[in-house]
Amino acid sequence: MPAVSKGDGMRGLAVFISDIRNCKSKEAEIKRINKELANIRSKFKGDKALDGYSKKKYVCKLLFIFLLGHDIDFGHMEAVNLLSSNKYTEKQIGYLFISVLVNSNSELIRLINNAIKNDLSSRNPTFMCLALHCIANVGSREMAEAFAGEIPRILVAGDTMDSVKQSAALCLLRLYRTSPDLVLMGEWTSRVVHLLNDQHMGVVTAAISLITCLSQKNPEEFKTCVSLAVSRLSRIVSSASTDLQDYTYYFVPAPWLSCKLLRLLQCYPPPEDGAVKGRLVECLETILNKAQEPPKSKKVQHSNAKNAILFEAIALIIHYDSEPNLLVRACNQLGQFLQHRETNLRYLALESMCTLASSEFSHEAVKTHIETVINALKTERDVSVRQRAADLLYAMCDRSNAKQIVAEMLSYLETADYSIREEMVLKVAILAEKYAVDYSWYVDTILNLIRIAGDYVSEEVWYRVIQIVINRDDVQGYAAKTVFEALQAPACHENMVKVGGYILGEFGNLIAGDPRSSPLVQFNLLHSKFHLCSVPTRALLLSAYIKFINLFPETKPTIQEVLRCDSQIRNSDVELQQRAVEYLKLSSIASTDVLATVLEEMPPFPERESSILAKLKKKKGPGAVSGNELEEGKREGGELNGAGERPGDSSAIGASNASTPSPSADLLGLRSAAPVSAAPPSAGSLLVDVFSEAGPAAPAAGANDDGFLSSAPPSVVSEDPAPPLPESDELLNKFVCKNNGVLFENQLLQIGVKSEYRQNLGRMYLFYGNKTSVQFVNFTTTVSCPGELQSQLNVQLKPVDPLVEGGAQVQQVINIECLTVFSDAPLLNIKFRYGGALQNLTLKLPVAINKFFQPTEMSSHDFFQRWKQLSQPQQEAQKIFKANHAMDTEVLKAKLLGLGTALLEKVDPNPDNFVCAGVIQTKAQQVGCLLRLEPNAQAQPGEQMYRLTLRSSKDTVAKRLCELLAEQF
Amino acid sequence: MHTVPFSGKTRLAKWYMQFDDDEKQKLIEEVHAVVTVRDAKHTNFVEVHGSSVHCLKHLLFFLNFKIIYRRYAGLYFCICVDVTDNNLAYLEGIHNFVEVLNEYFHNVCELDLVFNFYKVYTVVDEMFLAGEIRETSQTKVLKQLLMLQSLE
């Protein structure tokens with residue numbers, strides 16, 4: 001086979017490239033390039049017409065210069081001229097130059113399109129391919145407008161050469177991706193599916209990418225591809241290793257095509273036709289069997305190709321999630337890979353097992369590999385492998401192994417890479433809380449977390465530990481002791497000081513009996529950290545001090561002296577100064593009784609159990625709920641997963657933010673912290689009211705009207721589905737910008753949700769956790785789509801086990817298909833018997849139209865052009881509203897990203913504004929949406945406003961999105 | 001698949017998404033930075049994490065894409081694909097491409113790619129188009145390349 005010699009064909013080019021390579025410095029290179037540019041310019045401008053060869057050579061030189069990173073501002077016309085040459089080499093250089101250098105706004109586009117059109121109709125396969133490759137590489141809208149009609153014809157025409165078909169299929173794919181609205185479905189679509197049967201494997205390989213993309217967007221229209229794909233796959237899988245000749249790669253028949261076929265099948269549910277399904281299961285079994293056979297070659301290419309197919313097959317098995325036998329076999333196979341000497345395989349096995357862990361059929365099988373995975377976390381050299389191991393541990397965690405896994409993750413945190421610490425911290429905190437049975441374990445875990453990785457512990461994490469300690473009196477003494485010990489460390493993290501200050505201020509008395517932690521020792525310990533802390537922490541410590549005066553009268557003189565000193569009472573920080581002055585005054589004028597009332601121990605944080613009773617009482621009038629029940633509600637307030645009141649603020653006087661919450665880190669999806677400005681005067685603001693109205697905080701029951709409600713008590717339950725809980729809309733709002741979290745929780749049941757969306761399809765996993773030790777029987781769930789929602793959304797519920805053991809969690813899969821735009825959410829009704837009593841509750845499923853967003857990147861120019869096109873009044877929806885949360889740019893960005901749109905940078909001339917673009921994918925249509933959010937960040941806190949504008953090609957969509965979003969900021 | 005091979009000093013870059021020239025340069029630098037620090041004991045796959053990427057837009061990009069690479073002598077061949085794509089299939093896709101280059105240029109070396117950069121684009125287009133695999137048979141690709149070579 002003749003080899004290509006260096007730079008053959010164009011000597012001048014080779015000389016030039018050599019010259020550049022020989023340049024000793026950047027300056028010399030620039031000088032040489034400038035000389036060449038001047039030369040080319042003069043040739044192009046000269047009177048003498050250049051022949052094709054020279055033109056080709058100079059254009060190629062320009063291209064080379066451009067690829068070195070220099071700007072090229074001429075030569076385009078000469079390149080376009082080359083397109084109409086009859087010589088392949090000249091045409092090729094012309095097309096290459098245009099693909100690399102011509103942007104879509106060029107005025108030359110008309111000329112270029114003309115040349116492409118000529119080549120497409122030339123019937124010369126080489127020229128047709130060049131033209132198609134150019135379209136596929138540029139993929140501009142102008143080209144889509146010009147050729148989106150023509151290319152499908154070329155693709156399905158009977159007399160088109162195979163190589164042209166390959167190029168046409170992928171060219172069409174590119175146009176469909178960039179301008180889906182311009183590629184119209186039609187008669188060609190049914191014929192495209194049959195390309196899966198084509199004799200030429202190359203055609204099938206190219207066409208399947210197109211078919212997969214089209215199927216994702218229009219599954220119904222392309223569903224005939226399932227049986228064709230299965231039979232093609234079956235033919236490949238059952239062929240001997242040499243049957244496919246050219247398409248056998250290191251003894252593996254058509255590995256890439258096999259992967260693509262398996263990937264295509266993942267766009268669909270398992271085949272309904274028994275024969276097709278049987279054939280497919282057979283294929284999957286064969287693939288799993290082959291993995292056990294001895295390798296036909298020792299080369300890594302052989303095993304990679306074979307395993308590429310295997311992993312794709314496993315992905316399909318997991319996607320179906322319906323064949324327990326295959327799932328367990330897949331798990332065992334991956335288990336073997338966990339110990340393989342190839343790092344790639346270990347990595348991929350961990351990754352794949354992570355998804356297996358969430359299947360009810362294979363969860364237990366995955367758990368058997370815990371030791372290997374822990375070992376991977378400790379010994380793998382590649383951080384990305386360790387990260388996967390940590391992910392898998394998280395995924396396989398349940399009550400039975402939580403302590404072991406949390407301990408391993410904590411010890412890993414000590415040496416973990418900075419890049420993954422924050423995520424690890426969050427995972428540990430979530431697991432510790434989720435599976436805490438023993439609260440001293442929980443407290444130890446979180447304090448360890450702060451000790452090991454304090455910088456990465458977000459506010460939510462330490463707020464939570466305080467809430468839980470306050471709400472559970474059995475752990476308070478232990479917490480005080482532990483935190484006191486932790487504070488002994490010479491260097492301890494500021495978050496530890498915060499937790500320490502808070503807990504000792506509340507419960508220091510529980511350990512004061514021990515002379516080693518006498519009141520003064522405690523105070524001195526806290527105060528020794530004071531000077532190293534930031535203002536918010538100091539403010540918190542001052543509140544702890546005044547609490548000390550109440551708890552331990554003997555510390556009063558010492559503390560008063562501290563408060564009185566200039567560095568406190570004349571502190572330049574207003575907040576600190578105010579606290580020092582007020583606390584000093586309070587401690588000197590108030591009687592012990594008043595002091596004791598004002599500085600009483602924090603009441604338990606309001607919990608939903610208590611709030612439901614309050615709400616019920618309000619609805620039914622007094623007397624509907626007996627005092628006993630109320631009492632009970634209050635006592636049960638010690639529930640772990642309480643509402644998200646913020647202990648951090650409870651010690652803050654005045655409206656200034658002692659700390660700003662970061663909602664993005666919303667733990668477990670608990671209701672994110674109430675914003676400071678809008679917080680109801682609840683127990684938390686006790687100290688604020690000190691001087692106006694001395695008195696203990698309102699009882700927890702009445703304090704939190706907007707908290708969660710539990711299911712209605714048995715007396716009001718009937719067999720009909722209950723009406724949706726009053727707060728279900730609020731619950732829904734939590735999930736507008738995120739997909740995972742806790743959907744609902746009461747004292748019996750916790751419902752977690754995890755969801756993923758692709759195109760117009762969604763899959764939601766609901767996890768029903770029985771929080772009691774008694775089994776739930778007759779556990780049934782139904783989903784209903786009231787009213788017109790029925791025709792807008794297709795919701796399919798997979799069956800769920802009717803028996804939920806105490807402490808167990810069951811999973812339910814819901815498939816969602818968005819048929820057209822919608823605004824209501826489907827209703828989820830849950831019924832079960834708990835100790836004989838029927839529980840009946842209805843929630844809204846967190847599915848909103850924005851879940852089907854596909855982000856769209858576009859330039860500033862395009863954005864405003866489209867913005868203007870959507871200028872009819874009904875296409876726009878606008879809302880001006882008060883900021884509910886602090887205007888933190890990063891948080892805003894995270895939310896807008898969570899919305900599902902693309903966040904466009906440098907598009908809006910005002911850098912404070914945010915603009916986003918996306919396309920909502922429904923089965924019936926695609927709806928483009930543009931969003932603009934304008935904050936007035938300069939305004940005073942409390943007066944900050946947003947203006948939110950949405951424009952979309954469908955009026956109801958803009959309005960609905962506007963409503964959804966206005967609640968988010 | 002969305003971007004194709006580059007090496008230490010970029011010898012070839014191919015893009016299947018819209019970026020302006022500055023962004024392309026920055027992305028190449030970021031890919032280069034994460035890939036070249038890895039050794040043979042590491043996987044051939046990189047999912048780039050938040051803290052190593054500074055520009056939000058790139059972060060978004062890397063949230064959705066991963067890098068699959070393979071080193072041949074001093075040359076890294078990297079492709080950036082959707083995070084859900086099949087790692088091993090693309091890893092072997094790179095190798096298949098390199099074997100074709102090797103055959104076509106007769107023991108390919110970095111200089112061949114420099115002097116024949118315009119031909120390398122043709123090889124890429126024969127094997128990958130619109131970021132997808134177009135042809136996997138080495139025999140077919142080489143036959144087509146030799147046919148083109150014979151044309152004037």
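The exercises below, each with a worked solution, concern a predicted model.

**Exercise 1. Describe the overall make-up of chain A, from its secondary structure to its contacts.**

Solution. Begin with the secondary structure, which in chain A comes to 41 helices and 16 strands. Turn next to burial: of the 969 residues of chain A, 57% count as buried. Then consider the surface, where chain A exposes about 40,000 Å², with carbon and sulfur atoms supplying 51% of that area. Finally, take the contacts between residues at least 6 apart in the sequence of chain A, of which 70% join residues at least 24 apart.

**Exercise 2. Determine which residues of helix α39(A) are buried, and what they pack against.**

Solution. In helix α39 of chain A, which spans residues 860-869, the buried residues include Phe863(A), Phe864(A) and Trp867(A). These residues cover an arc of only 85° around the axis, and therefore they lie on the same side of α39(A). The face turned away from that buried side carries the exposed residues His861(A), Lys868(A) and Gln869(A). As a last step, look at the partners of the buried residues, which pack against the strands β13 (902-904), β14 (914-921), β15 (926-935) and β16 (945-952) of chain A.

**Exercise 3. Locate the salt bridge between Glu934(A) and Arg947(A), and decide whether each partner is buried or partly exposed.**

Solution. The side chains of Glu934(A) and Arg947(A) meet in a salt bridge with an N to O distance of 3.0 Å. Because Glu934(A) lies in strand β15 and Arg947(A) in strand β16 of chain A, the pair ties together parts that are 13 residues apart in sequence. With a relative accessibility of 17%, Glu934(A) counts as buried, whereas Arg947(A), at 36%, counts as partly exposed.

**Exercise 4. Analyse the salt bridge between Asp391(A) and Arg388(A), and name the network to which these residues belong.**

Solution. The closest N and O atoms of Asp391(A) and Arg388(A) are 3.2 Å apart in this salt bridge. Both residues lie in helix α21 (residues 383-396) of chain A, where a separation of three residues amounts to about one turn of the helix. Since buried means under 20% relative accessible area, Asp391(A) is buried at 13%, and Arg388(A) likewise counts as buried at 12%. Salt bridges that share partners then join Glu351(A), Arg388(A), Asp391(A), Lys427(A) and Glu47(B) into one network.

Key. Residues numbered from 1 in each chain as written. Chains lettered and ligands numbered in written order. Predicted model: local features only at pLDDT ≥ 70, side-chain atom pairs only at ≥ 80, totals over all residues. Heavy atoms only, no water. Buried < 20%, exposed > 50% of the residue type's maximum accessible area, 1.4 Å probe, protein only. Helix = DSSP H or I, 4+ residues; strand = E, 2+ residues; numbered from the N terminus. Arc of directions from axis to C-beta. Contact = heavy atoms within 4.5 Å. Areas by Shrake-Rupley, 256 points an atom, 1.4 Å probe, with all protein chains shown as cover. Salt bridge = Lys/Arg side-chain N within 4 Å of Asp/Glu carboxyl O.
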